[in-house]
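Welcome, and please take a moment to look over the model below. The report that follows walks through it part by part.

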Amino acid sequence: MKKQQLFGLVLGVIAVVLLALAAVLIFRDGRIVLSAEYRGDGGIGTITIDELRTMTEEKKSFILFVSQPECKTAEHLRGILQELISEYPVQIFEVSFSDLKNSGLADEVRFYPSLVIYRQGKIADFLDANDDADTEAYNSLGGLKAWLTNVVILDYKK
């Protein structure tokens with residue numbers, strides 16, 4: 001009788017572990033969770049390349065807005081980002097393309113403006129100003145939200 005009880009207990013533990021694993025796999029969607037200090041207080045703040053380098057070295061997850069002074073397209077995207085921040089209060093960091101292009105921190109980003117998503121210090125995705133597939137994200141809040149929410153969790157419950 002003791003062997004049967006032990007066998008039943010082992011099977012029960014295995015079943016619980018398998019159910020827990022299945023729940024994790026079902027509910028985990030792979031989107032990026034921004035580092036905690038970048039959630040809850042919305043805004044766009046300019047950073048230096050040295051600050052960006054530190055954030056990547058510290059393996060932070062964050063959103064980077066790549067712009068260029070006096071670029072009308074960058075100004076338009078900044079307006080859409082401000083609308084986004086009013087709905088989802090996240091911190092977005094801004095750096096100029098001319099500073100970024102020779103830094104080695106985002107060699108994939110060859111055009112501006114762009115929005116770059118870093119996951120644990122590495123580029124996970126970015127808007128490509130030269131790619132027609134990203135046009136909607138540049139032109140409307142709805143388009144930007146559709147692109148961004150496929151990559152990043154923005155709706156953080158307090």
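## Burial and overall layout

A residue is called buried when its relative accessible area is under 20%, exposed when that value is over 50%, and partly exposed in between (1.4 Å probe, protein chains only). By that yardstick, 41% of the protein's 158 residues are buried. Please keep in mind that this is a predicted model, in which local features need pLDDT of at least 70 and side-chain atom pairs count only at pLDDT 80 or more, while totals for chains, interfaces and linings use all residues. Residues are numbered from 1 along each chain as its sequence is written, and side-chain values use heavy atoms, with hydrogens and water left out.

The protein has six helices and five strands. Here helices (H or I, at least four residues) and strands (E, at least two) are DSSP runs, numbered from the N terminus. Reading from that end, the order of elements is α-β-α-β-α-β-α-β-β-α-α. A contact means heavy atoms within 4.5 Å. Of the contacts between residues at least 6 apart in sequence, 70% join residues at least 24 apart.

## The surface and a nonpolar patch

Accessible areas come from the Shrake-Rupley method with a 1.4 Å probe, and for residues only the protein chains shown count as cover. The accessible surface of the protein is about 9600 Å², and carbon and sulfur atoms hold 54% of it.

On this surface, F7, L11 and I14 make up a nonpolar patch with about 300 Å² of accessible area together. Patches are built from residues with over 30% relative accessible area and no salt bridge, joining like charges within 9 Å and nonpolar side chains (Val, Leu, Ile, Met, Phe, Trp, Tyr) within 5 Å. L11 belongs to helix α1 (residues 2-27), and its relative accessible area of 43% makes it partly exposed.

## Helix α3 and its surroundings

How does the span of helix α3 fit its number of residues? The expected span of a helix is 1.5 Å times one less than its number of residues. For the 16 residues of α3 (residues 72-87), that gives 22 Å, and the 23 Å between the end C-alpha atoms agrees.

Which residues of α3 are buried? They are A74, L77, R78, I80, L81, L84 and I85. Viewed down the helix axis, these buried residues of α3 fall within an arc of 165°, so they line one face of the helix; the arc is taken from the directions from the helix axis to the C-beta atoms. As a general point, an α-helix has 3.6 residues a turn, so residues three or four places apart point the same way. On the other side of α3, K72 and S86 are exposed.

The cover over the buried residues of α3 includes β1 (43-46), β2 (62-67), β3 (91-96), β4 (114-119), α5 (135-139) and α6 (141-151). In α6 sits G142, which is partly exposed at 49% relative accessibility. G142 and I80 are 62 residues apart in sequence, yet their C-alpha atoms are 9.3 Å apart in space.

## Salt bridges

The structure holds four salt bridges, each defined as a side-chain nitrogen of Lys or Arg within 4 Å of a carboxyl oxygen of Asp or Glu. One of them joins the side chains of K60 and E37 (2.6 Å, N to O). This pair links distant parts of the chain, with K60 in the loop between α2 (49-57) and β2, E37 in the loop between α1 and β1, and the two positions 23 residues apart in sequence numbering. K60 counts as buried at 18% relative accessibility, whereas E37, at 44%, is partly exposed.

Another salt bridge pairs R78 with E94 (2.1 Å, N to O). R78 lies in helix α3 and E94 in strand β3, so the pair ties together parts that are 16 residues apart in sequence. Both R78 and E94 are buried.

E87 and K145 also meet in a salt bridge (2.9 Å, N to O). That pair links helix α3, home of E87, to helix α6, home of K145, 58 residues apart. E87 is partly exposed at 39% relative accessibility, and K145 is partly exposed at 22%. Salt bridges that share partners join E75, R78 and E94 into one network.

## The setting of S67

S67 sits in strand β2 and is buried, at 5% relative accessibility. Leaving aside residues up to four places away in sequence, S67 touches A74, R78, E94, V95, S96, F97 and Y112.
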